[in-house]
Amino acid sequence: MENRLDTTRFDSAIDRLPRFRVGFYPTPFHELRNLSRTLGINLYMKREDMAGPSAISGSKIRLAEFILGRALEAGVTHLITRGAYLTNSGLQFAAACLSAGITPVLVLTRNIDRHGKLGESRGNYLLNQIMGVETHVVDVEGDIWADAGATAQLEGIIARRKAELESMGHTVMVVGAGGAHPDGFIAHAQTFREILRQSADAGMELDFIYHTIGTGTALPGMLAAKLSLGHPVKFKSIAIDPYDEDGWINPSIIVERTQAVLATLGSSVPDDATIHRELDIDRRFIGEEYAAPSPESTAAIRELARAEGIFVGPVYTGKGFAGLLDHARTGRIPAGSNVAFLHTGDTGNLFEIPEVVGALVGH
Ligand SMILES: *Cc1c(COP(=O)(O)O)cnc(C)c1O
């Protein structure tokens with residue numbers, strides 16, 4: 001299949017972009033032999049969790065490479081980004097920034113109704129502390145995405161810190177939750193390109209790519225690459241937040257980002273409706289809310305670990321993998337299909353408090 005696609009223009013459009021290299025690419029791609037047998041499909045995994053630079057990594061390192069490429073050209077000295085206190089993107093941006101000689105600043109929320117006040121440092125937050133990263137934590141009562149007051153407080157902190165740093169002569173860049181920034185969305189076009197090459201090497205063509213969707217940073221690049229190259233694979237997105245049309249993240253934002261990547265790739269840009277039709281977002285695996293463990297996710301984490309010795313995390317990838325297992329067992333994935341799961345990371349959250357991790361141990 002790969003030979004029939006025109007990849008030259010695609011590759012050169014990406015190669016032209018500024019990029020600060022920090023990850024180990026291409027990330028591995030391999031079969032899950034035992035689960036393939038159990039589920040009656042051919043199941044593969046693309047390992048963005050192994051992107052580096054440390055063992056606890058994920059899909060945001062790729063975004064950081066392209067965003068920091070431009071930031072360095074612009075003389076950026078400080079990068080401020082935000083997320084929940086257990087953010088994976090914050091951790092990965094911090095690591096990438098340190099490597100690039102840029103000072104990271106993390107502005108974080110904590111849902112104290114569900115997780116209590118910050119106690120001992122654990123999980124990703126601990127890793128940020130070890131790296132000596134400047135962190136600001138805002139306590140929020142209830143859903144961190146829906147709380148307008150918390151959002152305003154967060155934005156206030158970011159604006160104040162930015163102004164302070166600028167008054168000291170620094171150049172500051174602000175990156176949205178999840179590492180969302182226009183310079184970064186093209187990064188996962190490269191992921192799709194790697195998957196194409198790796199599935200061709202494995203002698204098969206993928207029918208479905210499953211992934212966990214949250215801040216909407218991986219799908220636009222992958223989908224743009226699929227459309228640009230005319231590949232027939234279908235994306236199946238398992239949501240960890242509601243993706244309502246009027247929500248802070250929603251399908252129309254994915255469509256816009258996909259169109260922007262297609263324009264950067266120099267490809268023709270389909271209309272909104274055409275791209276909307278490519279989206280298939282399953283919202284049934286969110287559980288009670290963001291960063292609350294669900295029984296399905298807990299079972300999926302254990303099943304993957306017990307079958308293959310591979311770990312997904314409780315906030316994102318456990319829920320995503322639970323969706324894939326459900327789709328395979330209910331016949332939504334036809335028997336014999338070639339399927340890949342994009343492992344976006346989240347393993348640092350396995351070392352969080354029980355209210356995040358859930359009951360993973362036992363029979
Ligand atoms: C950010 C994140 C997601 C959601 O990714 P988007 O592509 O931004 O929607 C999924 N899994 C992990 C581990 C993440 O850190």
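## Contacts of the ligand

In this predicted model, an oxygen atom of the ligand lies 2.5 Å from an N or O atom in the side chain of T215. An oxygen atom of the ligand is also found 2.7 Å from a polar atom of G216, and here the partner belongs to the backbone. For K60 the partner is again in the side chain, where an N or O atom is 2.8 Å from an oxygen atom of the ligand. How much of the ligand's accessible area does the protein cover? On its own the ligand has 380 Å² of accessible area, and the protein covers 99% of that.

The ligand is surrounded by 13 residues, of which K60, G214, T215, T217 and T344 are the closest. When the residues of this shell are sorted by class, eight of them are polar, three are nonpolar and two are charged.

## The cavity that holds the ligand

Four cavities of 30 Å³ or more are present in the structure, and the largest of them is the space that the ligand takes up. The largest cavity contains about 190 Å³ of space, and it is lined by 19 residues, with S59, K60, T212, Y316 and T344 the closest to its centre. K60 therefore appears in two descriptions, but each should be read separately: it is among the residues closest to the ligand, and it is among the lining residues closest to the centre of the cavity. Which elements give two or more residues to this lining? They are the helix α4, covering 88-100, and the strand β7, covering 208-213, and β7 supplies the largest share, with three residues. By class, the lining of the largest cavity is made up of 13 polar, four nonpolar and two charged residues.

## Unusual backbone geometry

Most peptide bonds are trans, and most residues other than glycine have a negative phi. Against this background, a few places in the backbone deserve a careful look. The peptide bond that joins Y25 and P26 is cis, with omega at about 0°, and P26 is located in the loop that runs between α1 (8-15) and β1 (29-31). A cis peptide bond also leads from G52 to P53, where omega is near 5°, and P53 is placed in the loop between β2 (42-47) and α3 (60-73).

Where in the chain does Y243 lie? Y243 belongs to the loop between β8 (234-239) and α10 (251-264), and although Y243 is not a glycine, its phi is positive, at about 55°.

Key:
Residues numbered from 1 in each chain as written. Predicted model: local features only at pLDDT ≥ 70, side-chain atom pairs only at ≥ 80, totals over all residues. Heavy atoms only, no water. Near = heavy atom within 4 Å. Polar contact = N/O pair within 3.5 Å; in protein donor to acceptor, adjacent residues only side chain to side chain. Areas by Shrake-Rupley, 256 points an atom, 1.4 Å probe, with all protein chains shown as cover. 1 Å grid on protein atoms, 1.4 Å probe; cavity = no way out; pocket = protein on both sides within 12 Å on 5 of 7 lines; lining within 4 Å. Sits in = over half its atoms within 2 Å of the grid points. Nonpolar A, V, L, I, M, F, W, Y, C, P; charged D, E, K, R; others polar. Points joined across faces, edges and corners; volume = space filled by probe spheres on them. Helix = DSSP H or I, 4+ residues; strand = E, 2+ residues; numbered from the N terminus.
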